[in-house]
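Open the model in your viewer and keep the selection tool at hand. Each stop says what to select and what is there.

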Amino acid sequence: MSEIDQSGGILTIDLDAIVENWRDLSKITPCAAVVKADAYGLGAAKVAPALAKAGCQRFFVASFDEAVALRPLLPEAEILVLNGPFPGGEADFTAHHLIPVLNSPEQLAAWGAFSQGKWPSAIHLDSGMNRLGLSAREFSQIDDKALKAAHPVYLLSHLACSEEKENPMNAQQLALFQAMRQRLPEANSSLANSSGIFLGGDYHFDFARPGAALYGVNPTPEKANPMRQVARLEGRIIQLRCVDSPGSVGYGATHAARPGQLLATVAVGYADGYFRALGGKGFGYLGETQVKLVGRVSMDLTSFDISDASEVLARPGSFIELLGERVTVDALAGAAGTIGYEILTALGRRYHRVYVGGETTC
Ligand SMILES: *Cc1c(COP(=O)(O)O)cnc(C)c1O
């Protein structure tokens with residue numbers, strides 16, 4: 001018997017869909033790929049090489065460790081580390097040919113002292129998020145010699161509200177970034193994340209840094225999703241319960257069960273990243289039938305009302321689609337009161353993972 005036959009959930013990740021999403025975005029503007037947090041939970045070791053094969057040459061991760069893990073899989077590509085080095089870590093970066101993103105005057109000074117103009121860096125300018133990056137004032141206070149020593153080949157900034165096209169903060173951040181980059185016009189500039197790509201050409205600069213859109217999250221929440229769905233999660237039914245007398249379902253007895261109701265208990269729960277907040281709100285598909293999540297999500301189990309589903313599929317071993325074409329990552333996030341990013345990065349470790357595609361060359 002294969003491993004699949006015992007897993008509570010099967011997570012299928014379509015590498016071709018990720019590659020297609022990257023290609024579609026790259027038709028709008030040149031794109032790096034953000035593969036931090038294990039490619040948003042989907043497996044950077046599979047995703048990044050598939051993108052590299054398709055022509056992607058620049059990758060962003062958050063941490064040094066993520067970069068080191070990817071380096072042997074991406075021998076040719078540039079790997080930029082968003083968090084930059086912690087004090088004293090500079091030599092480790094160059095040992096792995098990583099490009100640090102310098103976020104503060106301290107990181108910049110330390111890199112400059114180490115690099116002496118030899119090893120390249122990216123500078124992150126804070127255009128309004130007050131999170132990471134040098135503020136306009138801090139940037140202006142760096143003297144020319146120190147700036148040169150840090151050898152910045154890229155200038156980055158990050159948008160706070162790019163998924164809200166009409167938000168005035170977008171234009172404010174754009175204007176501040178444009179002003180700040182005057183100091184280093186020769187550096188390649190990048191402002192747009194996934195949603196920023198859809199704000200128009202002014203936001204494109206030299207390249208964009210999409211993450212979420214590669215993985216199927218809608219970068220234009222006010223419009224139909226232009227991206228392909230990437231992840232499909234199927235939860236397996238362990239047992240059926242035909243309710244014979246009035247009662248309740250699950251912890252807290254939050255759902256009133258009625259006689260005649262057919263319930264399916266699926267072997268996926270909040271320990272798998274199937275959020276507890278989906279209790280009473282989630283849904284799935286058994287065959288062609290939409291089935292409602294009833295009661296609370298348990299650690300390892302979730303119940304669905306499958307009274308309306310095809311009798312053929314109503315049996316232990318059948319799979320309920322919990323994420324996919326019909327339960328999109330954004331729809332699941334909406335039901336859980338969160339964003340698609342959190343759904344993906346929480347996807348559990350107990351699922352049987354299947355990767356499809358990713359073999360294409362161009
Ligand atoms: C995570 C991240 C991105 C990617 O953002 P998405 O919204 O997922 O496209 C781009 N740039 C920076 C600095 C990030 O931290």
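## Stop 1: helix H3

Select residues 44-53, which form helix H3. Then colour Ala44, Val47, Ala48, Ala50 and Leu51: these residues of H3 are buried. Look down the axis of H3. The buried residues fall within an arc of 160°, so they line one face of the helix. The general rule behind this is that an α-helix has 3.6 residues a turn, so residues three or four places apart point the same way.

A word on the source: this is a predicted model.

Which elements cover the buried residues of H3? Show helix H1 (15-28) and strand E2 (33-34). Add helix H2 (36-40), strand E3 (58-61) and helix H4 (64-70). The cover includes every one of these elements.

Now step just past the end of H3 to Gly55. Check its backbone: phi is positive, at about 115°.

## Stop 2: H1 against H3

Keep H3 on screen and bring up H1. At what angle do H1 and H3 pack? The angle is about 50°, and the axes lie 10 Å apart. Angles from 65 to 115 degrees would count as roughly perpendicular, and those under 35 as roughly parallel. H1 and H3 are therefore oblique to each other. Their crossing is right-handed.

Show the side chains where the two helices meet. From H1, select Leu15, Ile18, Val19 and Trp22. From H3, select Lys46, Val47, Ala50 and Leu51. Val47, Ala50 and Leu51 have already appeared among the buried residues of H3.

## Stop 3: Leu73, a visitor from the loop

Select Leu73, in the loop between H4 and E4. Is Leu73 buried or partly exposed? Leu73 is partly exposed, with a relative accessible area of 39%. Draw a distance from its C-alpha to that of Lys46: the two are 9.0 Å apart in space and 27 residues apart in sequence. Leaving aside neighbours within four places in sequence, Leu73 is in contact with Ala45 and Pro49.

## Stop 4: along H1 and just beyond

Go back to H1 and select Asp24 and Lys27. Both lie in H1, three residues apart, about one turn of the helix. They form a salt bridge, with the closest N and O atoms 3.3 Å apart. Asp24 is partly exposed, at 23% relative accessible area. Lys27 is exposed, at 66%.

Widen the selection to Glu20, Arg23 and Arg228. Together with Asp24 and Lys27, these residues are linked in a network of salt bridges.

Next comes Thr29, in the loop between H1 and E2. Thr29 is buried, with a relative accessible area of 3%. What does Thr29 touch, not counting residues up to four places away in sequence? Select Ile197, His204 and Ala208 to see these contacts of Thr29.

## Stop 5: two salt bridges between distant parts

Select Arg58 and Glu78. Their side chains meet in a salt bridge, 3.0 Å from N to O. The pair links distant parts of the chain, 20 residues apart. Arg58 sits in strand E3, while Glu78 sits in strand E4 (residues 78-81). Glu78 is partly exposed, at 27% relative accessible area.

Now select Asp144 and Arg183. Here the salt bridge has its closest N and O atoms 2.8 Å apart. Once again the pair links distant parts of the chain, this time 39 residues apart. Asp144 belongs to helix H8 (residues 144-149). Arg183 is in the loop between helix H9 (168-181) and strand E8 (188-190). Asp144 is exposed, at 57%, and Arg183 is partly exposed, at 27%.

How many salt bridges does a search of the whole structure find? The search finds 13.

## Last stop: the full view

Clear the selections and zoom out. The protein has 11 helices and 17 strands. Its C-alpha trace spans about 80 × 45 × 35 Å along the principal axes. Colour by accessibility: buried residues make up 50% of the 362 residues. Finally, turn to contacts with a separation of 6 or more. Of these, 64% join residues 24 or more positions apart.

Methods: Residues are numbered from 1 along each chain as its sequence is written. This is a predicted model: local features need pLDDT of at least 70, side-chain atom pairs count only at pLDDT 80 or more; totals for chains, interfaces and linings use all residues. Side-chain values use heavy atoms; hydrogens and water are left out. Buried means under 20% relative accessible area, exposed over 50%, partly exposed in between (1.4 Å probe, protein chains only). Helices (H or I, at least four residues) and strands (E, at least two) are DSSP runs, numbered from the N terminus. The arc is that of the directions from the helix axis to the C-beta atoms. Contact means heavy atoms within 4.5 Å. A salt bridge is a side-chain nitrogen of Lys or Arg within 4 Å of a carboxyl oxygen of Asp or Glu. Axes are lines fitted to C-alpha atoms, for helices over the stretch in contact, and angles run from 0 to 180 degrees between N-to-C directions. Angles under 35 degrees count as roughly parallel, over 145 as roughly antiparallel, 65 to 115 as roughly perpendicular and the rest as oblique. A crossing is left-handed if the near helix is turned anticlockwise from the far one by less than a right angle, and right-handed if clockwise.
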